[in-house]
Structures are given as structure tokens and as C-alpha cells.
Amino acid sequence: MSTTGENQDLYDRFAALKETLADRLAPQLIQNPQLADALTQQIEDLLSQVLTNQGQMAAPPDGGLAELIGIGSQAASKVNSTRLPQGVEDYDEQIASDRILAVADLYYLYQHEKVGVFRAVRKLQELFNAGAVRLSNGDGAYGLYRFDRRSVLRYTQKERLQTYRRVFGYTTVPPMSSAKPNPQFHTLFTQFINNVAEFWRDKRISDVIRDRAYDPSFGSIATVRRAGLDLRNNLKWSSYGHVTVLRIEVLQLLEEAFKILGADDVKKLFGADNAWDVVEEIMLRYFRQDVNASQRHRMAVAGRSIIRWLAQKYILNNSRAEFEALVREIADVAEEWLTSAETLGIAFRGHTKRVVTFEPRQNGHRPLRSAGEGY
């Protein structure tokens, strides 16, 4: 248990230590800015450890109230002798990584749903049952027969769309009873990706044009961290419920769908080389839609990687050197997502026009719209 006076003395001593080091190492700090960052981080870590140890000390049964107000033998003679708690555990520490990982997979599934993978299989199944296509007893035909045999056990399309609406704010399907849509997700997600991409672009510029390639003068980790924490907190509140089990079930369904679409008899039917060609051909031929499968799939893979990165505690690291090393993992991924999103017109680089809240008319059809993306 630390008193108010001890706490004040602790901060004064650490401040004096910083001033002394800065004074004695001034020439070295000018030549090597990374040294200042390392020293500051070590001092902050040491201070945090001391405060943590103090917080673990047992408090009196009344929490120190008696000594504060002057009752009993424990009454304090001065205000500096009273107990001073250090506060509560940081808010941003209270995130369950398993739920964020589930959201990452759900985002991956949404993009494939947007491409029309499941719609393509259902259309192919409809044609197969009607005898309108030349499929009989191959692997694809058998897969189409079995695809809906377990439909009564699965989440329906409406339930999937309602979940996307609740977690991401995507689609215009009304959310299920007692659920609220999450229209903030797309804005926060795009903002975080923009900040990561911009930070790493500034880092590359500094590496090229500055005499000291690793001088941390470009880019701010504070903006990246804050954008990441905002997004992570948003996902925290939208990831409760059946998201974890739904994402497992639908990933299994997606795998089954691609086995059907990639079967030799189905590919031969459409003159396709792979399952993606079959999806694009069905969507174009029967739904008159250009689904932009390449861009959507890249957004699915990149978006899942970015959200998975957020599921870990990397974003809480406030040491510049360590943070740069950790964020490097998603630097190129963020650029890939942003490039694909720009192609589709649902996000922009820079500080203006970062988010588009609707999609334009295509081929005379008015698509369903939602915050961030239309379905």
C-alpha cells in the first residue's frame, strides 16, 4: 500500500532521473534518436512495474477511509500519509481474442457471400434438379444432391445476413429481434487501414530520403494505435452471441460449396478452369452481375489478416521500435485491402473521401445498400 506522499515522491524521483539522463546523454541523443526512445520506454516500464507491485499490496478492510477522515488509531496526521490507490485495470486490456478471431472469419465469409458463392451453388442446384444442365452422376452432381440434405440443421441465408448486419452493419436485412446493427464498423475499419498504410508509407519515405534511415521522425504510432483501439472496442460489443459457432458452420459450408464448384463435371459444363471461373460465369449468365471476384477475395483475405492482428495485444504496445516491428506484419496487407476497396469504390486513400456509404447503380439494377457496403 502506497501513501499519497510516497506516490508523489516516486513520480518526482522518476522525473529527476529522466532529466539527469537527458542532460548527460544529450549529444548521443541528438545523434541517435532511437536511444531516447529506448531509454524512455525502459523508464516507463520500470515505473509501471513499481506501480503494479504497489497495487498488489493488501489494502486495509475499509480501503483507507478511516485514516483519511481521522477515525481510530489509524487516523492520518497529514494528507500525505493517507492511502492512494493507483486506479483500475486499463479498459483496452479487456478484450477477448477468441471473439475477435471469430469476427475475422466472419468478415472473410461476408466477402465470399458478397461474391455470390452460395447463390451460385443454389442456382446450379436449381438447374440440376430441373434437368436443365448436363449433370448426372459426377462428383459435382452428387455434391449438389447432398448440399441441401442438411439444410434444416444449418443457419439459413437470412440468419447469416442478419449476423452480417449486426456485426458489420452490412446488408439491409433487418436485424433479428433485440439486435442492433453496427454501422460504425466500416468507417472505423477503413480509418484504421488508412492510418496503417499512411504510417508505413511515411516510414518508407523516411528510409529513402533521410540521411538516417531509421530516424523515427515520420509517422505517428499514436494515430494508428488509437484507430486500432477504437475498432477493436467496436468489435468487442458486436462479437457476442452465436458469431463463433456460425462462422465455424459457414466455413464448412463454404468449403463444401467450392468442392462442388471445382468438380470436374461442373467445370466442364461451363468451360471453366477453376471454381472461381464457375462462380463468375453463373453470376454473369444467370444474375447479370459482374461480381469482382478477384477484388472481393483479396479484401476477404486481407481483411481477415488485419482483424486477426487486432485480436492480439500488439496494438497496446507503445514502444515505437517494437510497434513498428509488429505493425510491419499488416503493412502490405493494408495496402492490398485499400487498393481493392478503391477499385470497388467503397474506400479512398488519404484524409478525404475515406468511406462511401452507398454503391452506384449497375446495369440498371439498384443494389441493396447499407452503411459502408451494399449487399
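Helix α8, which covers residues 157–168, consists of 12 residues, and the distance from its first C-alpha to its last is 16 Å, close to the 16 Å expected at 1.5 Å a residue. This helix belongs to a predicted model. Because nine of the 12 residues of α8 are buried, the helix is largely enclosed by the rest of the structure. The buried residues of α8 are R160, L161, Q162, T163, Y164, R165, R166, V167 and F168. Just after α8 comes G169, which takes a positive phi of about 80°.

## The protein as a whole

The secondary structure comprises 15 helices and zero strands. The protein has 375 residues, of which 42% count as buried. Among the contacts with a separation of 6 or more, 72% are made by residues 24 or more positions apart. The protein exposes about 20200 Å², and carbon and sulfur atoms supply 51% of that area.

## A buried phenylalanine in helix α9

Helix α9 spans residues 184–209 and contains F192. The relative accessible area of F192 is 0%; this residue is therefore buried, since the cut-off for that class is under 20%. Which residues surround F192, once its neighbours within four places in sequence are left aside? F192 is in contact with V224, A227, G228, L231, I306, W309, L310, I315 and I330. One of these partners, A227, stands 35 residues from F192 along the chain, yet the C-alpha atoms of the two are separated by 5.0 Å.

## Helix α11

Helix α11 runs over residues 243–261. Its 19 residues should span 27 Å at 1.5 Å a residue, and its end C-alpha atoms are 26 Å apart, which agrees with that expectation. The buried residues of α11 include V243, L246, V250, L253 and L254. Charged residues also appear in the buried set, namely R247 and E256. The remaining buried members of the helix are A257, F258, I260 and L261.

An α-helix has 3.6 residues a turn, so residues three or four places apart point the same way. This rule is useful when one inspects the positions of buried residues along a helix.

## Salt bridges

The structure holds 13 salt bridges. The table presents three of them, each with the distance between nitrogen and oxygen.

| Residue pair | N to O distance |
|---|---|
| E335 and R201 | 2.8 Å |
| E281 and R285 | 2.8 Å |
| E342 and R349 | 2.9 Å |

Why does the pair of E335 and R201 tie together parts that are 134 residues apart in sequence? E335 lies in helix α15, which covers residues 320–344, whereas R201 lies in helix α9, so their salt bridge links these parts of the chain. E335 counts as buried at 15% relative accessibility, while R201 counts as partly exposed at 27%.

The pair of E281 and R285 has another setting. Both residues lie in helix α13, four residues apart, which is about one turn of the helix. E281 has a relative accessible area of 28% and is partly exposed; R285, at 36% relative accessibility, also counts as partly exposed.

In the pair of E342 and R349, E342 is partly exposed with a relative accessible area of 29%, and R349 is partly exposed with a relative accessible area of 28%. Elsewhere, salt bridges that share partners join D105, R247, R304 and R308 into one network. R247 is also one of the buried residues of α11.

## Two residues with positive phi between α13 and α14

Most residues other than glycine have a negative phi, and most peptide bonds are trans. Against this background, two residues deserve attention. R288 has a positive phi of about 55° although it is not a glycine. R288 is found in the loop between α13 (275–287) and α14 (293–311). Is R288 buried or exposed? Its relative accessible area is 53%, so R288 is exposed, the cut-off for this class being over 50%.

N292 lies in the loop between α13 and α14 as well. N292 likewise is not a glycine, and its phi is positive, at about 50°. The relative accessibility of N292 is 25%, so this residue counts as partly exposed.

Key:
Residues numbered from 1 in each chain as written. Predicted model: local features only at pLDDT ≥ 70, side-chain atom pairs only at ≥ 80, totals over all residues. Heavy atoms only, no water. Buried < 20%, exposed > 50% of the residue type's maximum accessible area, 1.4 Å probe, protein only. Contact = heavy atoms within 4.5 Å. Expected span 1.5 Å × (residues − 1). Salt bridge = Lys/Arg side-chain N within 4 Å of Asp/Glu carboxyl O. Areas by Shrake-Rupley, 256 points an atom, 1.4 Å probe, with all protein chains shown as cover.
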